[in-house]
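Got a moment to look around a protein? Take a slow turn through the picture below, and we'll walk through it together.

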Amino acid sequence: MIYRNLGKTGLQVSVIGFGGMRFFNKREEEAIATVHRAFERGINFFETGSYGNGKSEEMLGRALWQVARRDQVILANKARASERPTAASVRAELEASLKRYQTDYFDIFNFWGTNTPEMHRHILEHGALEAALQAREEGLIRAIGLTTHARPEWIRDFVDAYPWECIILKEHMLYSRNQEVIDYLGSKGIGVVVMTPLAGGVVATPSEEIRAEVAREGLTPAQLGLRTLIANPNISSAISGMTSPSEVDENVEAARTDGPLTPAEQRLVDWIRQKTQALGERFCTGCSYCMPCPQEVNIPGIFRLWNLMRGYGNAEYSKLEYQKIREQRHWADFPGRSVEHCVECGTCEEKCPERLSIIDDLKRAHAELTAQ
Ligand code: SF4
Ligand code: SF4
C-alpha cells in the first residue's frame with residue numbers, strides 16, 4: 001500500500017481509502033469481513049457519514065474495533081451542509097456520529113455536500129463553522145474540510161475564502177472534470193480525496209471488449225480506474241465503496257504501483273474515454289441522494305443499467321435486468337419499480353448533485369431499455 005500526506009494535516013492516508021456509503025447493505029458477516037480485509041491489506045483511511053440512518057457508522061465502528069486500535073486508523077466523518085446547518089445541528093450530528101462509531105474523536109470532519117456558494121456562505125456565517133472549531137478545541141475533531149459536488153471554479157472560491165484543510169470531491173476515469181482544481185488545491189497544500197472513483201461501479205463493469213483490452217495490461221477495469229487517479233500525486237486518496245473482501249483485494253492491487261500512468265495505460269484510458277463518450281459530461285453515479293422516490297422508482301438502479309448499455313455496451317444484461325424490475329421479479333439485481341410508475345413529482349431532481357434532468361432521462365432510459 002502507498003501512503004500519502006493529506007495536505008498539511010500531518011495525517012498519512014492510504015491511497016486507497018474505504019468509502020462507507022454502500023458496504024453495510026450486505027449481510028453483516030460479509031460487511032464486517034470486508035472492513036477487516038481492508039485493514040489487513042493496509043487501508044488506514046475510512047470515510048463515512050450517517051448513511052443508512054447511522055448503520056454505516058455503527059457497523060464500521062463495530063468491525064474496526066475488533067481488529068484495530070484507534071491510533072492505527074484515520075477516520076473522516078461529516079455533518080450535512082445541505083440542510084442549512086446551525087451550531088446546534090452540527091454539534092448534535094457530531095455527537096451522534098461519535099457515539100455510533102464508538103470513538104472519542106474524528107481525524108477529519110467535513111461539511112457534507114457543500115455544493116453551492118450559498119451553502120458555503122451559510123457554513124461560514126451561521127454558526128456551523130464555529131461549532132466545528134469549538135469541537136476541535138475540545139479534541140473531538142482534528143482537520144476540518146468539505147465534501148463537494150460543486151463546479152471547479154466554486155471549489156477554488158471556497159478554499160480562497162477559508163483555509164479548509166481537506167476537500168473531498170468527485171473525479172473518475174470516464175470524466176476528468178476537476179483536474180485543474182485538484183492541482184490548484186495541491187499547490188495550496190490542501191489534502192485532496194476523491195469520492196466515487198469508480199463512478200458508482202460503472203468504471204468497474206465494462207463490456208467484454210474493454211475488459212479484455214485492459215486485461216492485456218494485467219489490470220482489471222477497476223484497477224485501471226484507480227490507477228488513473230492515484231497517478232496524480234496531488235490526490236492523497238481515492239475512497240472506494242468496496243462491498244466484499246475480494247473487491248478490497250482487487251482495489252488494493254491497484255496501489256502496488258506508484259507514479260504516472262505508463263504509456264500503455266494512458267493509451268487504454270484514452271481509448272476507453274473515446275468509446276464511452278455516449279455517457280456525456282454528466283451521468284448518474286449512483287449516489288442515491290435522490291432516493292427515496294415516493295413511487296419507489298429505483299432511479300439509481302435504472303440509470304446504472306442505462307449507463308452500462310450506453311457507455312459500456314452491456315445491452316443484453318441491462319435490458320434483461322430492466323425487464324425484471326418491470327415485472328417486479330423478486331430475484332432482480334435491482335429492486336424497486338420501473339419508470340412507468342414515475343408521476344413526475346420532481347422531488348428527485350432537487351436533490352441530484354449531478355443536476356440531471358432525472359424525469360426526462362428516465363423516459364429516455366425506459367425507451368432504450370425496452371427497445372426491441
Ligand atoms: S419525479 Fe418520478 S422518479 Fe422522481 S421522485 Fe417523483 S415519482 Fe420518483
Ligand atoms: S440521479 Fe442523481 S442523485 Fe440520483 S443516484 Fe443518480 S447522480 Fe445520484
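What follows is a short tour, from the domains to the two ligands.

Before we start, keep in mind that this is a predicted model. Let's begin with the big picture: the protein is split into domain 1, covering residues 3–275, and domain 2, covering residues 299–370. Taken over C-alpha atoms, the centres of domain 1 and domain 2 sit 26 Å apart. Where the domains touch, 11 residues of domain 1 and 8 residues of domain 2 take part in the contact. And what is the side of domain 1 that touches domain 2 made of? There you'll find 7 polar residues, 3 nonpolar ones and 1 charged one.

Now on to the ligands. Start with ligand 1, which has 14 residues around it. The ones that come nearest are C293, Q295, C342, C345 and C348. If you look at helices, α14 (347–351) and α15 (358–370) each give at least two residues to the shell around ligand 1. Sorted by class, that shell holds 10 nonpolar, 3 polar and 1 charged residue.

Next, find ligand 2. Here 15 residues surround the ligand, and C284, C287, C290, P300 and C352 come nearest. Which helix provides the largest share of the shell around ligand 2? That would be α12, residues 299–312, with 3 residues. As for the classes, the shell around ligand 2 is made up of 10 nonpolar, 3 polar and 2 charged residues.

Technical notes. Residues are numbered from 1 along each chain as its sequence is written. Chains are lettered from A and ligands numbered from 1 in the order in which they are written. This is a predicted model: local features need pLDDT of at least 70, side-chain atom pairs count only at pLDDT 80 or more; totals for chains, interfaces and linings use all residues. A residue is near a molecule or strand if its C-beta atom, placed from the backbone, lies within 6 Å of it. Helices (H or I, at least four residues) and strands (E, at least two) are DSSP runs, numbered from the N terminus. Ala, Val, Leu, Ile, Met, Phe, Trp, Tyr, Cys and Pro count as nonpolar, Asp, Glu, Lys and Arg as charged, and the others, Gly among them, as polar. Domain bounds come from an automatic or database domain assignment. Two residues are in contact if their C-beta atoms, placed from the backbone, lie within 7 Å.
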